[in-house]
Amino acid sequence: MRLTPYHAKYYAYELTKQSASNSIQKLASTLVDAQVDLNPHQVEAALFAFRSPLSMGALLADEVGLGKTIEAGLVLSQKWAERKRKILIIAPSSLRKQWNQELADKFFIPSTVLESKAFNNHIKAGKLNPFEQEDQIVICSFHFARNKDSYIRAVNWDLVVIDEAHKLRNVYRKDNKIAKSIRRALEHAPKILLTATPLQNSLLELYGLVSIIDPFHFGSLKSFKQAYTQLSEEGFVELRQRLAPVCKRTLRKDVLEYIKYTNRIAIVQDFTPTTPEARLYYEMTEFLHRPILYSLPASQRKLVTLILRKLLASSTFAISDTLRKLADKLDAFITVLEQQLYNTEFEIDFSADQDEEQDPAFYIDQWETADDIPVGIESMTPQDIPVAQEELEALRHMHHLSLSIKKNAKGEALLKGLKVGFDQLEQQAGVNRKAIIFTESRRTQEYLVELLEQNGYAGELVTFNGTNDDKASKSIYKNWLKKHAGTGRISGAKSADTRAAIVDYFRDEATIMVATEAAAEGINLQFCSLLVNYDLPWNPQRIEQRIGRCHRYGQRFDVVVVNFLNQQNAADQRIYQLLNEKFHSFNGVFGASDEILGSIESGVDFEKRIADIYQNCRSEEEIQQSFDALQAEMESQIEERMSLTKQKLLENFDEEVHEKLRISLEESKTYLNRYENWLWNITKQYLNGNATFSNDDAFAFTLHQPPAAHIEPGRYKIGKYITDAYTYRIGHPLAQHIIQACKNQNLLSKHLVFDYSGTQKIVSILEPLVGQSGWLRICNFSIQSFEKEDYVLMAAFTEEGMQLDNDQCHRLFSLMAEEQPNAVYVDQEVDNRLKALIAKQQREVLQENVERNATFFDDEMTKLDNWAEDVKNSLEIKLKNLERDIKYRKTEVRKILNLQEKVAEQRKIKEMENKRNELRRNLYQAQDEVDEQKEKLIDSIEQRMDQQTELAALFTIRWSLK
């Protein structure tokens with residue numbers, strides 16, 4: 001007894017059928033392929049985004065940390081599987097690489113990041129529109145999307161995902177050029193918007209986001225203001241109902257039943273700078289306070305000052321080389337001036353000090369404006385040389401002072417902080433002894449590695465930065481390639497594979513990773529539970545990104561966060577207080593909330609405010625006053641004024657929400673198990689003799705003879721997070737080859753004897769059929785209407801004429817069978833009966849399809865009716881107010897005795913009447929526009945409503961059950 005080609009053909013069609021939008025089966029094959037843990041709220045969100053083929057998209061607004069990227073990934077992965085591959089992702093610049101890596105790692109989908117250089121290369125190569133990519137997703141930034149909006153508009157997109165979509169929420173404002181440009185470019189495209197903060201300061205932000213998805217969901221901005229600015233309880237209910245079809249939000253408290261979040265434990269390690277360090281800090285501070293600095297480029301003075309302060313706070317080794325560079329550049333420029341040569345350019349290279357993730361060029365447009373450019377090297381003249389010489393001497397002196405400092409107090413404190421952190425970790429049974437140390441400077445990174453190697457950690461370290469081109473990293477990468485040769489771990493992208501190799505080495509070999517900001521995004525360190533902020537960013541969002549590498553879903557232990565505090569620096573102490581007490585960055589279960597992070601946007605303005613305090617405040621009293629003002633301002637920004645509104649509009653009050661999510665989880669797992677078994681069985685049947693299959697539950701096999709040239713031999717395995725084999729999945733080229741080959745088999749009608757007595761499973765619905773025989777036909781039925789849907793129809797009956805139900809037919813094929821050698825003859829009577837049973841199922845499916853499409857149509861018409869009502873109400877209110885004003889002025893004009901004034905007033909009344917008449921015409925015109933939109937929708941639906949059907953018989957068998 002074995003699986004037969006008939007089993008394989010049936011499984012192949014089940015694995016590839018396209019299901020209705022509102023069915024969990026729609027996502028089943030995608031969920032099997034995706035390298036993510038199955039969370040029901042994410043499945044629910046993906047289905048919500050699919051809910052209607054007429055929908056223009058959805059706003060997915062889960063709280064921070066619930067995996068909106070995964071939700072969007074499931075949707076676009078399904079589109080990809082359906083070969084709808086014109087997909088665009090618009091994200092902040094800093095998240096482009098992360099999206100690129102997540103798509104590859106979790107969904108096996110290729111993508112390309114499109115920026116100026118790549119775009120121009122495509123144009124030079126003769127590609128008219130670089131956004132038109134074949135078989136890869138396009139990723140770009142908001143600014144790039146705005147600059148290339150005409151190219152984006154020219155593409156017929158299957159799906160557009162906008163990450164951090166709250167950046168566009170003020171699209172309703174006239175001055176918001178980027179958001180308006182992106183909205184215009186994407187008018188025709190279905191969109192998914194992702195944001196944890198859809199509503200921050202005003203209900204108009206919700207209006208703005210929804211208008212990007214669908215301009216016909218609400219009326220005009222005026223009508224929205226009139227209807228919802230002053231919300232009554234009834235108004236809340238109405239607006240909530242109108243948002244329900246387009247917006248979905250899950251809270252962290254909703255998922256605590258199946259996602260266990262661990263705690264954050266903060267440790268503060270104090271240190272006191274040595275006398276030489278304190279002297280260098282004082283001299284550097286005085287230097288940066290100078291009103292004129294010729295050693296800095298004027299156009300970037302604020303930004304360069306920030307960088308210098310951060311390098312100084314990081315380590316004397318980080319600032320030392322920069323001081324030398326500044327002095328050398330200034331010295332060279334003075335020489336040029338003395339020789340009266342003016343054809344030189346001034347540029348400071350921070351590449352050895354700052355990591356590439358903090359490249360100054362990235363921030364220039366956010367930090368400098370034409371109004372605040374001070375005097376700098378660009379404006380130097382020969383008359384300025386004496387002042388510049390004095391400045392050069394100060395730079396040389398500070399450089400020599402920095403070179404004389406061999407030990408840093410914070411470095412010594414790191415050794416203590418690590419010990420305290422590891423001691424705290426060891427209180428948790430089974431925790432890994434792993435720590436990641438973050439610094440903002442690559443020179444500090446080198447210093448810390450040397451310090452730790454000299455103090456008991458030699459051989460336990462690994463580094464991570466923007467280039468990873470040191471000798472040790474290259475060796476780790478080379479060994480990783482050898483280890484994973486012949487598996488699916490190797491992507492072929494060297495930078496991504498190097499990052500993966502270093503993370504694997506940290507997990508399996510090293511104790512401590514010393515990392516720059518390059519490690520703060522896009523890597524998963526949930527196996528590490530000790531994080532050290534050697535240099536503390538001033539931006540709370542960057543702190544969350546860092547801690548989020550470890551404190552994330554899947555982390556089984558409390559995460560210890562160590563921070564360093566300079567006891568002699570009042571500003572440092574106030575920054576820590578603000579981050580800890582107001583932003584809740586270091587303690588608790590969740591860290592900084594979406595409310596808080598959303599209130600500061602990118603955090604750059606917050607950094608600017610702190611930089612200004614350092615730059616402008618001399619005394620401790622001034623520092624305290626400035627921080628008091630900043631704290632009061634932040635408290636007003638993150639107050640709860642919008643929380644109640646958000647709660648009423650966006651949060652789920654259904655008491656059965658937990659039960660619904662549990663049912664969704666169970667249903668999803670059922671389909672996953674079924675699909676994995678189908679894939680496993682079809683593979684075993686097809687590769688019989690060409691592969692060795694494991695006898696355990698590992699779902700693993702070794703392929704000896706590949707069926708096609710593009711398929712690699714080696715070990716394959718079905719499952720998640722596989723490192724020792726190729727990840728075998730429905731979308732894998734080998735699986736696709738097998739599925740297509742099985743679907744294409746031309747199978748004769750034969751007798752199959754199914755073995756129930758030999759199976760260990762108890763299948764109650766089959767027991768009455770034991771000892772009986774009959775006939776069975778399987779057909780594939782496709783409907784092309786609003787969307788394509790496939791159904792595997794099964795018709796069967798016994799020799800006595802008893803009809804088998806669908807479950808019995810499906811369960812027959814869960815049993816092994818023996819295929820009898822000779823073909824069997826299907827007589828006319830049997831054929832007619834099987835045809836009648838299939839025809840009946842066809843009618844039932846078609847009726848279901850019609851009813852479902854009617855629901856989709858009703859939803860669209862309701863949306864348009866609401867939009868029409870919005871437009872009409874807005875104009876009617878305006879008309880009513882104008883009528884009232886005209887009536888009042890007519891009454892008042894009778895009281896005027898002066899004829900000239902009376903005539904002038906009558907002219908004004910006439911102008912108002914003209915405006916009233918125009919509004920009346922607009923009202924009719926608006927109604928015409930509404931009717932036109934409805935007509936377009938009806939025409940579109942009429943064209944798609946005609947059900948194109950196709951029925952293909954897969955095979956007919958005579959069956960017996962023994």
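This short presentation covers two helix pairs, one further helix and one loop residue in a predicted model.

I begin with helices α13 and α17. Helix α13 comprises residues 275–289 and helix α17 comprises residues 385–404. Their axes come within 10 Å and cross at roughly 160°. Because angles over 145 degrees count as roughly antiparallel, α13 is roughly antiparallel to α17. The crossing of these two helices is left-handed. On the α13 side, the residues in contact are P276, R279, L280, E283, M284 and F287. They meet E391, A394, L395, H397, M398, L401 and S402 of α17. Divided by class, this contact has 8 nonpolar, 2 polar and 3 charged residues. As a general remark on such spacings, an α-helix has 3.6 residues a turn, so residues three or four places apart point the same way.

The second pair is α10 and α11. Helix α10 runs over residues 203–213, and helix α11 over residues 221–228. Here the axes come within 11 Å, with a crossing angle of roughly 140°. That angle makes α10 oblique to α11. The crossing of α10 and α11 is right-handed, whereas that of α13 and α17 is left-handed. From α10, the contact involves L203, L204 and Y207. Their partners in α11 are L221, F224, K225 and Y228. The contact of α10 with α11 consists of 6 nonpolar residues and 1 charged residue, with no polar ones.

I turn now to helix α14, residues 301–314. What span should its 14 residues have at 1.5 Å a residue? The expected value is 20 Å, and the end C-alpha atoms are 20 Å apart, so the two agree. Is this helix mostly covered or mostly uncovered? Helix α14 is mostly covered, with 12 of its 14 residues buried. The buried set includes the run from L303 through V304, T305, L306, I307 and L308 to R309, K310, L311 and L312. R301 and S314 are also among the buried residues of α14.

Finally, I consider a single loop position, A429. This residue lies in the loop between α18 (409–425) and β9 (435–438). Is A429 buried or exposed? Its relative accessible area is 74%, and because exposed means over 50%, A429 is classed as exposed. Which residue can be set beside A429 despite lying 128 residues apart from it along the chain? That residue is F557, and the C-alpha atoms of A429 and F557 are separated by 9.0 Å.

Note on methods:
Residues numbered from 1 in each chain as written. Predicted model: local features only at pLDDT ≥ 70, side-chain atom pairs only at ≥ 80, totals over all residues. Heavy atoms only, no water. Axes fitted to C-alpha atoms, helices over the stretch in contact; angles between N-to-C directions. Helix = DSSP H or I, 4+ residues; strand = E, 2+ residues; numbered from the N terminus. Parallel < 35°, antiparallel > 145°, perpendicular 65-115°, else oblique. Left-handed = near helix turned anticlockwise from the far one by under 90°. Contact = heavy atoms within 4.5 Å. Nonpolar A, V, L, I, M, F, W, Y, C, P; charged D, E, K, R; others polar. Expected span 1.5 Å × (residues − 1). Buried < 20%, exposed > 50% of the residue type's maximum accessible area, 1.4 Å probe, protein only.
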